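Please read the model below from its overall make-up down to one pair of strands. The report follows that order.

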Amino acid sequence: LPPDVEAFDNLPAGFTDEPVIGDIPSPTAIAWLPDGQLLVTSQQGVLYRWPGAGAAIPMLDLSNEICSGGETGLLGLAVDPGFQSGERFVYLYYTDRKGNGSCGNASDRANRVSRFGLDPSLGVGGEQILIDNIAAAANSRVTSVVLSNPDGTCSATPTWSSTSRCRIRRSPHWRRMTSSTR
């Protein structure tokens with residue numbers, strides 16, 4: 001946690017507030033693997049795995065391929081609902097640097113949802129882009145949620161609000177990824 005974050009007061013019975021992972025810059029999302037290991041994304045573009053003790057282990061580094069900073073970066077994460085039964089995939093929502101463009105220009109970046117396979121030793125396989133060219137507009141507050149749904153599908157629900165209006169609305173780019181994408 002950042003040093004300026006204070007411990008929660010008045011926690012419910014049975015809860016404790018204690019740091020468990022350090023040294024992950026700008027964490028943006030978490031998801032649990034079925035075996036209890038924690039996945040954490042950083043805005044800079046690194047997917048980490050924390051086995052339950054010790055330091056987090058970098059699994060995938062997209063930092064040279066993404067735009068990060070402000071409201072861009074590696075922003076969302078989900079584990080496939082069928083991970084334990086053989087669908088060993090993670091889904092990432094991130095801001096892609098289009099070609100050799102500048103991240104400062106909205107036309108040179110776009111958000112996307114991609115799927116990455118994990119082998120039994122948790123090595124990361126190739127990327128399959130599922131949804132691409134989701135607007136990554138300037139002067140917006142982007143929130144991305146990638147969810148594993150109880151029905152076995154995954155949803156990506158990017159939303160944004162204008163910083164001048166501070167209103168959040170559902171993105172017109174909402175998509176549902178069904179088992180037909182597997």
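## Burial and surface

Of the 182 residues in the protein chain, 41% are buried. The accessible surface of the chain is about 10200 Å². Carbon and sulfur atoms account for 50% of that surface.

## Confidence

This is a predicted model. Mean pLDDT for the protein chain is 76. A value of 70 or more is reached by 69% of the residues. Residues 1-5 have pLDDT below 50. That stretch makes 0 contacts beyond near neighbours in sequence. Residues 160-182 also have pLDDT below 50, but in the model this stretch has 56 contacts beyond near neighbours in sequence.

## Secondary structure and contacts

The protein chain has 14 strands and 0 helices. Along the sequence the pattern is therefore β-β-β-β-β-β-β-β-β-β-β-β-β-β, with helices and strands taken as DSSP runs numbered from the N terminus.

Take the contacts between residues at least 6 apart in sequence: 41% of them join residues at least 24 apart.

## The four-stranded sheet

An open sheet of 4 strands runs in the order β5-β6-β7-β8. Its pairing is antiparallel. Strands β5 (74-79) and β8 (124-134) form the edges, each pairing on one side only. Neighbouring strands of this sheet are turned by 25° against each other on average, direction ignored.

## The β6-β7 pair

Strand β6 covers residues 89-97, and strand β7 covers residues 109-118. The two pair in the antiparallel sense over 9 bridges. Which residue in β7 stands opposite Tyr91? The partner is Arg115.

Note on methods:
Residues are numbered from 1 along each chain as its sequence is written. This is a predicted model: local features need pLDDT of at least 70, side-chain atom pairs count only at pLDDT 80 or more; totals for chains, interfaces and linings use all residues. Side-chain values use heavy atoms; hydrogens and water are left out. Buried means under 20% relative accessible area, exposed over 50%, partly exposed in between (1.4 Å probe, protein chains only). Contact means heavy atoms within 4.5 Å. Accessible areas come from the Shrake-Rupley method with a 1.4 Å probe; for residues, only the protein chains shown count as cover. pLDDT is the predictor's confidence in each residue, from 0 to 100. Two strands pair if DSSP finds at least two bridges between them. Axes are lines fitted to C-alpha atoms, for helices over the stretch in contact, and angles run from 0 to 180 degrees between N-to-C directions.
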